Amino acid sequence: MQREALVRYLDDTLRIREIADYGPQGLQIEGKAQVDKIVGTVDAHQPCVHAALERGADLLLVHHGILWGDAKPLAGSYGRLVRTFVENDLNLYAAHLPLDAHPQWGNNAELARRLGLSVIDWWADVKGTPLAVLAGYDEPLAFHEMVARFEEQVGRPRLVQAEGPPMVRTVGILSGFGADKIEAAATLGCDAYVTGETSHAQYYEAANTGINLLYGGHYTSETVGVQALGEHLAQRFGLIFEFVDLPTGL
């Protein structure tokens, strides 16, 4: 498939030009014009690039790209990273907030699907776009069963705080760092809240608000969107897609 056609499809589908972010998203490094194999990773650092090259990728699809904030010199480790892409003619496509927000292949929608939840609404605006989902079960489910589903369908949680009702029906989900939205989730009537990571400052807020918390890990909670999007591209365009799991432990 021609890179230009693939990029055009991704840009339109993910609303790359419409969703504000912390840096330019979409095609961040242009490589070879023909794309037959895509490798997906959460990040775009040297181990991820090497994993893509070892597997014969034409394009690396990531959630966390390499363009953030102000421009910086192509020197040191950053310069070496960029040269690795350029010297190997490897395309880099990144989708950060646009992937979080996607209603079908985004991190939060996909987490809800894997947990057996139906999306009710979207909340938690970031730069003008709601990223979190408000989701529900048709029938209440024991919180410990929801945790077991997460471990089976996504990965081992980093921390579980059973501070709310033993049976859950309404669940808020925000991948990555969403610990600062605990109070908002409780206000929305959530029995449980799923996010990636926390800090000591937010630990007791779960107890104070009486809500169940599942911290899946920042990395783990953001593996699902790249996987879902890559599998969609493989099915739609007949491309080869492979997700490479390179956990950070965070």
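Angles between helix axes under 35 degrees count as roughly parallel, those over 145 as roughly antiparallel, those from 65 to 115 as roughly perpendicular, and the rest as oblique. The axes themselves are lines fitted to C-alpha atoms, for helices over the stretch in contact, and the angles run from 0 to 180 degrees between N-to-C directions. The model is a predicted one, in which local features need pLDDT of at least 70 and side-chain atom pairs count only at pLDDT 80 or more, while totals for chains, interfaces and linings use all residues. Residues are numbered from 1 along each chain as its sequence is written, and side-chain values use heavy atoms, with hydrogens and water left out.

Helices (H or I, at least four residues) and strands (E, at least two) are DSSP runs numbered from the N terminus. A convenient place to begin is the pair formed by helix H2 (residues 46-54) and helix H3 (residues 76-87), which pack at an angle of about 15° with their axes 10 Å apart. H2 and H3 are therefore roughly parallel to each other, and H2 passes H3 in a left-handed crossing, meaning that the near helix is turned anticlockwise from the far one by less than a right angle, whereas a clockwise turn would be right-handed. On the H2 side the contact (heavy atoms within 4.5 Å) is made by Gln-46, Val-49, His-50 and Leu-53, and on the H3 side by Arg-80, Leu-81, Thr-84 and Phe-85. By class, this contact of H2 with H3 has 4 nonpolar, 3 polar and 1 charged residues, where Ala, Val, Leu, Ile, Met, Phe, Trp, Tyr, Cys and Pro count as nonpolar, Asp, Glu, Lys and Arg as charged, and the others, Gly among them, as polar.

Thr-84 of helix H3 touches Gln-46, Val-49, His-50 and Leu-53, not counting residues up to four places away in sequence. Thr-84 is buried, with a relative accessible area of 11%; buried means under 20% relative accessible area, exposed over 50%, and partly exposed in between (1.4 Å probe, protein chains only). In the loop between H3 and E4 lies Asp-89, which is partly exposed, with a relative accessible area of 37%, and whose phi is near 55°, a positive value in a residue other than glycine. Most residues other than glycine have a negative phi. Strand E4 (residues 91-94) holds Ala-94, which counts as buried at 0% relative accessibility. Leaving aside neighbours within four places in sequence, Ala-94 is in contact with Ile-16, Gln-25, Gly-26, Gln-28, Val-62 and Gly-65.

Further along the chain comes an open sheet of 6 strands, with the order E5-E6-E8-E9-E10-E7 and mixed pairing; two strands pair if DSSP finds at least two bridges between them. Strand E5 (118-126) and strand E7 (159-161) stand at the edges, each with a single partner strand, so one side of each is left without a neighbour in the sheet. Neighbouring strands of this sheet are turned by 20° against each other on average, direction ignored. Within the sheet, E6 and E8 pair in the antiparallel sense over 6 bridges, with Val-133 opposite Ile-173 in E8. Strand E8 (residues 167-177) is joined by 5 bridges to strand E9 (residues 192-197), and these two run parallel, with Val-171 opposite Ala-192 in E9.

Two helices pack on this sheet. Helix H5 (residues 107-114) touches E5, strand E6 (129-142) and E8, and its direction makes about 145° with that of E8. Helix H6 (residues 143-153) touches E6, E7, E8, E9 and strand E10 (212-215), and its direction makes about 120° with that of E6. Of the 11 residues of E8, 8 are buried, so E8 is largely enclosed by the rest of the structure. In the edge strand, Ala-124 of E5 has a positive phi of about 65° although it is not a glycine, and at 12% relative accessibility Ala-124 counts as buried.

H5 is likewise largely enclosed by the rest of the structure, because 7 of its 8 residues are buried, and just after H5, Gly-116 takes a positive phi of about 80°. The axes of H5 and helix H11 (residues 223-237) come within 8 Å and cross at roughly 90°, which makes H5 roughly perpendicular to H11. Their contact is made by Asn-107, Glu-110, Leu-111 and Arg-114 of H5 together with Thr-223, Val-224, Gly-225, Val-226, Gln-227 and Ala-228 of H11, and the residues divide into 4 nonpolar, 4 polar and 2 charged.
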